[in-house]
Amino acid sequence: MSETNIILYNPVSKSSKSGGIELLDEWATLDGAWVWVNISGESDEAERKLLNERFGVPHLAIQDANRERHPPKLEVFDKLIFVMLRDLLIGDEAHEHRVSQLSLFLGTKFLVSRHHQELPSVKAIFGAAQAQPEILKAGPAHIAYLVSRRIVDNYTPVVLELEERLAELEDLVFERPDDDVIELITRYNRSLKRLRRHLVYQRDVIAQLRLSL
């Protein structure tokens, strides 16, 4: 079952309020207002109906959003833009970082973020928007960009740390060429390649997003 949290922003009063699905009816009555709908957890029929009927999200896009593994991409529809990214989840070990999928549905008066796990980037920007309503005045496209930018920025220090650690291990293998060091090098190298690949794909998607806005 999914959980839905909403921020409703009113540009006339320059104020916002947080709540649940009930805010969508208020949103429909306010000229110029927009909502950020953040959905997490397992998808259900009520959620799929909400996305399709309230926001006009195509059924195939909803299916993609609920797939655990899908490469980052951007699709432009008549009334919304669909973006798929992968946020970085920090692991206990430097070579065990995982990623989790984020889907963004962006319209002129709404932003829907859909994810299965709690994501660091969404949590940070959503929390900032609740605490500082002025962040919302630039509109949903700006918030989508902030989330996307935060995701890419999360990768950079991790990739740099992996590169540094891998270089240290490669130096160590000449001093102590045992199986444990070689195994660590293999793990770090595999993780570094994977994260670099995610980073490159997402930079390309964000570049496309900037051109589409």
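Which residue of strand 3 does Asn-5 stand opposite? In this predicted model, whose residues are numbered from 1 along each chain as its sequence is written, local features need a pLDDT of at least 70, side-chain atom pairs count only at pLDDT 80 or more, and totals for chains, interfaces and linings use all residues. Side-chain values use heavy atoms, with hydrogens and water left out. The mean pLDDT (the predictor's confidence in each residue, from 0 to 100) is 88 for the protein, and 96% of its residues reach 70 or more. Among the elements, which are DSSP runs numbered from the N terminus (helices: H or I, at least four residues; strands: E, at least two), helix 6 has the lowest mean pLDDT, 79, and strand 7 the highest, 97.

The residue that Asn-5 stands opposite is Asn-38 in strand 3, and strand 1 and strand 3 pair in the antiparallel sense over 8 bridges, where pairing requires that DSSP finds at least two bridges between two strands. These strands belong to an open sheet of 7 strands with the order 2-1-3-7-6-5-4 and mixed pairing, in which the edge strands, strand 2 (15-19) and strand 4, each pair on one side only. Strand 4 (residues 73-76) is paired with strand 5 in the antiparallel sense over 4 bridges, and Leu-74 stands opposite Val-83 in strand 5; the two strands form a hairpin with 4 residues between them.

Val-83 also appears in the largest nonpolar core, which has 41 residues and in which Trp-36, Val-83, Leu-111, Ile-143 and Val-147 touch the most other members. Such a core is a set of buried Ala, Val, Leu, Ile, Met, Phe, Trp, Tyr and Cys residues joined through side-chain atoms within 4.5 Å, buried being under 20% relative accessible area, exposed over 50% and partly exposed in between (1.4 Å probe, protein chains only). Helix 5 gives the most to this core, with 12 residues. A second, separate core of 22 residues includes Leu-24, Trp-27, Val-35 and Phe-55.

Phe-55 is also one of the buried residues of helix 2 (residues 45-55), together with Glu-47, Leu-50 and Leu-51. These four lie on the same side of helix 2 because they cover an arc of only 95° around the axis, the arc being that of the directions from the helix axis to the C-beta atoms. On the other side of helix 2, Glu-45, Ala-46 and Glu-53 are exposed. Helix 2 is followed by Gly-56, whose phi is positive, near 70°.
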